[in-house]
Amino acid sequence: MDCRSESATTGEGRFRVNANGNLLDVWLLVRCVSCDRTSKLTVHERAPVRSFDPAELDGYHANDPELVASRLLDPLLARRNRLTLNWTGAWQLDSPSAWRADAWPVRVEVVFEDPVPVRPERLIAQGLGLSRNEALRRIKCDIPLRRPTSAGFTFTVMAGD
């Protein structure tokens with residue numbers, strides 16, 4: 001982007017497909033949030049038409065929202081286009097405002113509406129109003145709490161001191 005802004009949006013999530021003989025270029029169009037200019041993120045460059053799954057190619061032509069989301073989450077696309085996704089404010093843990101004193105331990109299931117990567121310790125600490133150290137001390141979980149995940153998980157909150 002010419003204005004050096006580090007923020008862009010996919011807008012309506014449109015792909016642009018360009019044919020050059022038997023080779024295709026596919027771009028995802030993004031709009032700069034600062035200057036409102038449109039830029040292209042390279043999805044495929046000079047790829048043979050036969051290398052595409054027909055359903056995938058139809059998705060590019062139809063601007064399939066699920067295909068847009070999967071391409072934005074693709075680490076190869078991000079690296080190739082020097083793209084960093086900003087997940088600030090993209091997640092929250094809904095929890096009861098008050099816990100019953102006799103209900104310990106409490107088992108909590110986390111379900112993701114979208115595959116937004118988050119470190120479980122941050123999500124849990126913010127959602128339960130705990131410090132991150134207290135969350136690490138009181139939470140029992142089968143997945144590493146300090147490693148990002150975008151898949152649902154379950155954890156148990158142990159009683160405080």
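**A pocket lining and the salt bridges of the chain**

Strand E5, which spans residues 106–110, contributes 3 residues to the lining of the second largest pocket, the most that any element gives. The model discussed here is a predicted one. The second largest pocket holds about 350 Å³ of space. Its lining comprises 15 residues, and those closest to the pocket centre are Trp 91, Gln 92, Val 111, Phe 112 and Glu 113. By character, the lining residues of this second largest pocket are divided into 10 nonpolar, 4 charged and 1 polar.

The account now turns from the pocket to charged pairs. Side chains of opposite charge can pair when their charged atoms come close. Across the whole structure, a search identifies 6 salt bridges. Three of the pairs are described below.

One salt bridge joins Asp 25 to Arg 46, with 2.7 Å between the closest N and O atoms. This pair connects distant parts of the chain: Asp 25 belongs to strand E3 (residues 23–32) and Arg 46 to strand E4 (residues 38–48), a separation of 21 residues. The environments of the partners can be read from their relative accessible areas. Asp 25 has a value of 5% and is therefore buried, since buried means under 20%. Arg 46, at 43%, is partly exposed because its value lies between the 20% and 50% limits.

A second salt bridge is formed by the side chains of Arg 71 and Glu 56, at an N to O distance of 2.8 Å. Here the link runs between helices, with Arg 71 in helix H2 (residues 65–72) and Glu 56 in helix H1 (residues 54–62), 15 residues apart in the chain. How accessible is Arg 71 in relative terms, and is this residue buried or exposed? Arg 71 is buried, with a relative accessible area of 18%. Glu 56 is likewise buried, at 19%.

In a further pair, the side chains of Arg 146 and Glu 121 meet in a salt bridge at 4.0 Å, N to O. Arg 146 is located in the loop between strand E6 (139–141) and strand E7 (153–157), whereas Glu 121 is part of helix H4 (residues 120–128); the two are 25 residues apart, and the pair links distant parts of the chain. Arg 146 counts as exposed, at 53% relative accessibility, while Glu 121 counts as buried, at 3%. This pair also belongs to a wider arrangement: Arg 119, Glu 121, Arg 132 and Arg 146 are joined into one network by salt bridges that share partners.

How values were computed
Residues numbered from 1 in each chain as written. Predicted model: local features only at pLDDT ≥ 70, side-chain atom pairs only at ≥ 80, totals over all residues. Heavy atoms only, no water. Helix = DSSP H or I, 4+ residues; strand = E, 2+ residues; numbered from the N terminus. Buried < 20%, exposed > 50% of the residue type's maximum accessible area, 1.4 Å probe, protein only. 1 Å grid on protein atoms, 1.4 Å probe; cavity = no way out; pocket = protein on both sides within 12 Å on 5 of 7 lines; lining within 4 Å. Points joined across faces, edges and corners; volume = space filled by probe spheres on them. Nonpolar A, V, L, I, M, F, W, Y, C, P; charged D, E, K, R; others polar.
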